[in-house]
Amino acid sequence: MHQIINENLIIHISHTDIRFDSRILKELNSLQMIKDKTINALGIEDRINKNKKYNSNIIKIETIHLKSKSLLFLPRAFLYFLNFIEANIIFTFKILILKPKIIHCHDTFLLPSAALINLILGSTLFYDAHELESNKNGQSYILSKITLFIEKVCWSRISLLISVSKSIICWYENHLGRKRSEVILNSPEISNYKNNLNNNKNYLREKYKIPEKAKIFIYVGLLSEGRNIKTFLEIFSEREIKDHLVIIGEGKLSKLIKRFSKKNKNIHLHKSVPHYDLVSLLKESDVGLCLIENVSLSDYYCLPNKLFEYMFAGLYILASDFPEINLLSREFDSIRLCKSDKEIIKSEIKNLISQKIKKYNNEYQSLSWKYQTEKLYSAYKNFID
């Protein structure tokens, strides 16, 4: 028999440091509109971001320090296993004490803990798959199989499936079974707050001394393999190309980008920008680069947040010819599809350099975070009324 639960408590759990996870923060802020409910969040401390400031007092976010994370001398796979075991034990006990009405679980890492709480307490379980979790870039074959096994074991406990594209939702339903589901796009949350970046309309041109006649091609996101970043660097380092490439983000390829930027005055690396300020900064650019490589099903079915950030900034976009992006391009003419081939990308970029690029002022109401908030709120109302 299920124990008494706290009908007013909703808790979000994640293996990330939620204080710096833009998607989860947006969802948490959106759920503040639910009356008479307390929204809490429980994540895992990220030692890289632990010294950064977190600027919200509205949501109670607790971060857990995993002792096993300090055992860096261990093999990566074994270390991951220890992190997984420690995290799920700690989260299970903490959530048992809180007895929430709803557990909103982000990604697969903590799904066993959430499913166990559902079994013991009867708490409603939402599974928010930010990607196609068992088939994503950089994931080993063994981890992929373990992830899928966890999802299969926990699937019957899940009441609501949330993900970032319809194709990913369909994959889950085809492989694991139908669920009540909702697509919550990775749309940008645009701030009205004026800071030093969006007060200066020529910030990028002044910072990097970019001439007015030169076009700005921009890439935003994780600086890792599978994003065609090396291809961009090679193209813009060619002597005849005088237009500029600005890359915004952090990741493993930062050192490579810095090496190229030292040798080429038209290649620039900018540190990450808070998601709520990013669209204002992007408006200075001309072309957004969203050329994901087909290295996993998660990438193939993606609708990346950078795509929406470019769209809301009014940019022309060179994007991967993938199913979900293809559907979007049929509705909005600001998106030009491109195959992930170096020579084709080079040809497309050179064509854009020679053309006049217009700014787009499309109404993206159905893509806005405000609309995603309404969908998320409606999904929740089905379980709390």
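So, Lys-207: buried or exposed? Somewhere in between: at 44% relative accessibility, Lys-207 counts as partly exposed, because the cut-offs are under 20% for buried and over 50% for exposed. This is a predicted model, by the way, so please hear everything I say today as a description of a prediction. Lys-207 is part of helix α7, residues 203-208. And if you want to place it relative to something further along, take Ile-257: the two are 50 residues apart in sequence, and 17 Å apart in space, going C-alpha to C-alpha.

Okay, on to the sheets, starting with the seven-stranded one.

Here the sheet is open, and the order of its strands is β3-β2-β1-β4-β5-β6-β7, with parallel pairing. Which strands stand at the edges? Those are β3, residues 60-64, and β7, residues 181-183; each has a single partner strand, so each is left with one side that has no neighbour in the sheet. From one strand to the next, the twist averages 20°.

Let me zoom in on a couple of the pairings. At the β7 edge, β6 and β7 are held in the parallel sense over three bridges, and there you can find Ser-163 standing opposite Val-183 of β7. Then we have helix α15, residues 369-384, which packs on this sheet. Helix α15 touches β1, β4, β5, β6 and β7, and its direction makes about 140° with that of β4.

Further along the sheet, β1 and β2 run parallel and are joined by five bridges. If you'd like a residue pair to click on, Ile-10 has Ile-39 in β2 as its bridge partner. Strand β2 covers residues 38-44, and six of its seven residues are buried, so β2 is largely enclosed by the rest of the structure.

Now for helix α4, which I spent a while looking at.

It runs over residues 141-154, so that's 14 residues, and it reaches 20 Å from first C-alpha to last, close to the 20 Å expected at 1.5 Å a residue. Which of its residues are buried? We get Ser-144, Thr-147, Leu-148, Ile-150, Glu-151 and Cys-154. Those cover an arc of only 155° around the axis, which puts them on the same side of α4. Over on the other side, Tyr-141, Ile-142, Phe-149 and Val-153 are exposed. As for what the buried residues of α4 pack against, the list is α2, α3, β5, β6 and α5.

Two of those helix neighbours deserve a closer look. First α5, residues 166-176. The angle between α4 and α5 is about 70°, with the axes 11 Å apart; therefore the two helices are roughly perpendicular to each other. Leu-148, Glu-151 and Lys-152 make that contact from the α4 side, with Trp-171, Tyr-172 and Leu-176 coming from α5.

Then there's α3, residues 111-121. This time the packing angle with α4 is about 10° and the axes are 10 Å apart, so α3 and α4 come out roughly parallel to each other. In this pair, Leu-111, Pro-112 and Ala-115 of α3 meet Ile-150, Glu-151 and Cys-154 of α4.

While we're on α3, its buried residues are Leu-111, Ser-113, Ala-114, Ala-115, Ile-117, Asn-118 and Leu-121. They pack against β1, α2, β4, β5, α4 and β6. And right after α3 comes Gly-122, with a positive phi near 85°.

Last stop, the other sheet.

Six strands form this one, also an open sheet, in the order β10-β9-β8-β11-β12-β13, with parallel pairing. Its edge strands are β10, residues 267-270, and β13, residues 335-338, each pairing on one side only. The twist here averages 25° from one strand to the next.

The spot I'd show you is Ile-317, in strand β12, residues 316-320. How accessible is Ile-317? Its relative accessible area is 0%, so Ile-317 is buried. Strand β11, residues 287-290, runs parallel to β12 and is joined to it by four bridges, and Gly-288 stands opposite Ile-317. Along the chain those two are 29 residues apart, yet their C-alpha atoms are separated by 4.7 Å. Leaving out anything up to four places away in sequence, Ile-317 touches Gly-288, Cys-290, Leu-307, Tyr-310, Met-311, Ser-334, Ile-335 and Arg-336.

That's my tour, thanks.

Note on methods: Residues are numbered from 1 along each chain as its sequence is written. This is a predicted model: local features need pLDDT of at least 70, side-chain atom pairs count only at pLDDT 80 or more; totals for chains, interfaces and linings use all residues. Side-chain values use heavy atoms; hydrogens and water are left out. The expected span of a helix is 1.5 Å times one less than its number of residues. Buried means under 20% relative accessible area, exposed over 50%, partly exposed in between (1.4 Å probe, protein chains only). The arc is that of the directions from the helix axis to the C-beta atoms. Contact means heavy atoms within 4.5 Å. Two strands pair if DSSP finds at least two bridges between them. Axes are lines fitted to C-alpha atoms, for helices over the stretch in contact, and angles run from 0 to 180 degrees between N-to-C directions. Angles under 35 degrees count as roughly parallel, over 145 as roughly antiparallel, 65 to 115 as roughly perpendicular and the rest as oblique.
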